[in-house]
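Visitor: I would like a close look at one part of this protein, taken slowly and in a connected way. Please walk me through it once the structure is in view.

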Amino acid sequence: MLVGIDEVGRGCWAGPLVAAAVALPEVTIRGLKDSKLLNRQQRQRLDTIIRVRALAIGVGWVSPQEIDSLGLSEATAQAMRRALEQITVAYTRIIIDGNVNYLRDNQLSSAVVQADRTVAAVSAASIIAKVARDTYMIDIAQDYPNYAFESHVGYGTKLHRTRLQQYGICNLHRRSFKPIQALEAS
């Protein structure tokens with residue numbers, strides 16, 4: 001049994017970092033691929049299918065404050081550990097998307113570049129993490145209407161920068177990130 005792990009939100013200026021771990025049966029799910037290659041509607045549809053067909057799913061969340069405290073690499077590892085802790089089926093291998101094995105203390109884990117495009121369970125994890133984080137950011141936007149989080153979901157877009165310049169930073173912003181530090185200093 002293989003568990004795929006991927007994260008979303010590492011480069012965001014605001015919001016949590018989210019990792020998902022997914023164990024899939026050998027049944028094929030049509031359309032699985034890296035979440036970045038899918039539109040929102042496709043991701044939503046696949047998220048529903050994955051949640052029905054997966055043998056186990058875990059989602060690990062790390063807050064902006066934890067990211068600031070731990071640093072990005074350790075925060076990523078923490079999100080992945082939290083996601084993996086929720087996997088309730090026995091597994092023999094863990095594949096993490098990318099070139100860094102954030103779970104190197106776990107002998108079953110390995111990192112594979114572009115695994116989110118080539119390993120179904122990692123593609124599924126990519127989709128689960130992206131939908132979970134985007135949904136959170138869209139929902140939390142109601143509490144922070146000045147920042148347009150529903151539009152850019154925390155990424156460093158021109159709109160996000162403009163809103164930061166107008167309204168300053170909020171509790172969702174990652175104060176350890178240089179663009180946020182620069183705005184906070186000005």
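What volume does the largest cavity have?

Guide: In this predicted model, the largest cavity has a volume of about 50 Å³, and the structure holds 1 cavity of 30 Å³ or more. Its lining is made up of Arg40, Arg43, Gln44, Lys130, Val131, Asp134, Thr135 and Ile138. The elements that each contribute two or more residues to this lining are H1 and helix H5 (120-140), and H5 gives the most, with 5 residues. Sorted by class, the lining of the largest cavity comprises 4 charged, 2 polar and 2 nonpolar residues.

Among the lining residues, Gln44 repays a closer look. Gln44 sits in helix H1, which covers residues 40-53, and, once its neighbours within four places in sequence are set aside, Gln44 is in contact with Val131 and Thr135, both of which also line the largest cavity. Lys130, another lining residue, is 86 residues away from Gln44 along the chain, yet the C-alpha atoms of these two residues are separated by 9.6 Å. Gln44 counts as partly exposed because its relative accessibility is 38%, a value that falls between the 20% limit for buried and the 50% limit for exposed.

For the wider setting, the model also contains an open sheet of 5 strands, ordered S3-S2-S1-S4-S5 with mixed pairing. Its edge strands, each pairing on one side only, are strand S3 (56-62) and strand S5 (109-112). Strand S1 (residues 2-8) runs parallel to strand S4 (residues 93-97), and 4 bridges join them; Val3, for instance, has Ile94 as its bridge partner in S4.

Methods. Residues numbered from 1 in each chain as written. Predicted model: local features only at pLDDT ≥ 70, side-chain atom pairs only at ≥ 80, totals over all residues. Heavy atoms only, no water. Buried < 20%, exposed > 50% of the residue type's maximum accessible area, 1.4 Å probe, protein only. Contact = heavy atoms within 4.5 Å. Pairing = 2+ DSSP bridges. 1 Å grid on protein atoms, 1.4 Å probe; cavity = no way out; pocket = protein on both sides within 12 Å on 5 of 7 lines; lining within 4 Å. Points joined across faces, edges and corners; volume = space filled by probe spheres on them. Nonpolar A, V, L, I, M, F, W, Y, C, P; charged D, E, K, R; others polar.
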